[in-house]
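Trainee: I should like to go through this model and ask, term by term, how each description is justified.
Mentor: Very well; let us put the structure before us and begin.

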Amino acid sequence: MNLLIMGLPGAGKGTQAAKIVEEFGIIHISTGDMFRSAIANQTKMGILAKSYMDKGELVPDEVTNGIVKERLAQADVSEKGFLLDGYPRTIEQANALDDILTDLNMVLDGVINIDVDPSLLLERLSGRIIHKETGETFHKVFNPPAAGYDENDYYQREDDKPETVKRRLDINIEQGAPIIEHYRQKDLVYDIAGNNEIDLVFKDIVEVVSSL
Ligand code: AP5
Ligand code: MG
């Protein structure tokens with residue numbers, strides 16, 4: 001099964017993606033995670049990506065399309081299927097993905113669109129904490145790790161500062177609409193109410209994905 005998960009920054013793409021790939025045994029491909037790992041490894045691509053991400057802006061399409069194409073061509077993806085998270089982010093990326101999938105003889109089975117009231121997103125992102133060792137995402141209030149957890153074991157994302165979040169939201173609101181429309185025309189979009197609690201959102205997603 002080949003899926004996309006879409007939604008504004010903080011909608012819960014990563015949170016739900018982790019649960020979906022566990023449930024359905026498909027491969028999670030997050031362009032944001034790939035860039036953050038390139039930054040941590042100080043690769044040339046990481047240094048370039050950081051200069052955009054720190055400002056809340058999108059990494060250029062040529063770079064992003066290249067890493068996605070390379071990842072989708074790997075054997076585990078064709079064997080197990082994929083869940084793309086954070087890609088496509090521009091209509092050019094959506095067109096590029098169509099071509100990549102055609103080249104690789106793959107088809108998209110569905111687009112999960114997590115719909116969240118934008119007024120909730122700042123609070124979600126400012127409270128997000130990520131476990132240093134496992135990379136697992138939590139929230140100080142909405143999804144805290146075990147009671148009495150040590151704050152030093154967690155970090156906050158550089159781009160979760162309020163000024164950067166504002167820029168990320170503006171860009172994603174503007175660029176996202178034509179992408180959803182692109183997939184609506186192909187009848188692939190499943191809208192999920194993302195204002196609910198994490199487990200309720202997941203239940204709705206499982207229902208949709210199981211029906212595909
Ligand atoms: P990326 O890493 O993709 O970030 P994003 O789209 O901004 O989305 P987030 O990861 O911030 O949010 P999420 O939806 O995954 O939410 P999460 O589950 O963590 O991209 C980062 C940057 O990389 C971009 O700005 C760009 O520069 C670059 N980039 C990436 N892809 C690119 C591309 N294709 N092209 C160009 N550039 C690209 O949840 C957020 C918080 O809310 C967590 O604390 C979580 O615990 C909590 N939460 C989740 N669900 C709920 C719920 N239902 N109720 C309450 N709290 C919840
Ligand atoms: Mg994410």
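Trainee: In which loop is the place of Asp 159?
Mentor: The model is a predicted one. In it, Asp 159 sits in the loop between β7 (154–155) and α8.

Trainee: Why is Asp 159 called buried?
Mentor: The relative accessibility of Asp 159 is 9%. Buried means under 20%, and therefore Asp 159 counts as buried.

Trainee: What makes the pairing of the side chains of Asp 159 and Arg 157 a polar contact?
Mentor: The two side chains are 3.0 Å apart in this contact. The cut-off for a pair of N or O atoms is 3.5 Å, so the pair qualifies as a polar contact.

Trainee: Which residues is Asp 159 in contact with, leaving aside its neighbours within four places in sequence?
Mentor: They are Met 53, Thr 164, Val 165 and Arg 168. Each has heavy atoms within 4.5 Å of Asp 159, because that is what contact means.

Trainee: Arg 168 also appears in the description of ligand 1. Which residues come nearest to ligand 1?
Mentor: Of the 35 residues around ligand 1, those that come nearest are Thr 15, Thr 31, Glu 57, Arg 128 and Arg 168.

Trainee: How do you know that ligand 1 has polar partners in Thr 31, Glu 57 and Val 59?
Mentor: A nitrogen atom of ligand 1 is 2.7 Å from an N or O atom in the side chain of Thr 31. An oxygen atom of ligand 1 is 2.5 Å from a polar backbone atom of Glu 57, and another backbone N or O atom, that of Val 59, lies 3.0 Å from a nitrogen atom of the ligand. The limit is 3.5 Å, so these pairs count as polar contacts.

Trainee: How much of the accessible area of ligand 1 does the protein cover?
Mentor: The protein covers 97% of the 1,000 Å² that ligand 1 has on its own.

Trainee: Which element gives the most to the shell around ligand 1?
Mentor: That element is α2, with four residues. The shell as a whole divides into twelve nonpolar, 13 polar and ten charged residues.

Trainee: Turning to the largest nonpolar core, which of its residues touch the most other members?
Mentor: Of its 29 residues, they are Leu 72, Phe 82, Leu 84, Leu 97, Leu 108, Val 111 and Tyr 183. The element that gives the most to this core is α6, with five residues.

Trainee: What does Leu 84 touch, not counting residues up to four places away in sequence?
Mentor: Leu 84 touches Leu 3, Leu 4, Ile 5, Ile 29, Val 68 and Leu 97.

Technical notes:
Residues numbered from 1 in each chain as written. Chains lettered and ligands numbered in written order. Predicted model: local features only at pLDDT ≥ 70, side-chain atom pairs only at ≥ 80, totals over all residues. Heavy atoms only, no water. Core = buried A, V, L, I, M, F, W, Y, C linked by side-chain atoms within 4.5 Å. Buried < 20%, exposed > 50% of the residue type's maximum accessible area, 1.4 Å probe, protein only. Helix = DSSP H or I, 4+ residues; strand = E, 2+ residues; numbered from the N terminus. Near = heavy atom within 4 Å. Polar contact = N/O pair within 3.5 Å; in protein donor to acceptor, adjacent residues only side chain to side chain. Areas by Shrake-Rupley, 256 points an atom, 1.4 Å probe, with all protein chains shown as cover. Nonpolar A, V, L, I, M, F, W, Y, C, P; charged D, E, K, R; others polar.
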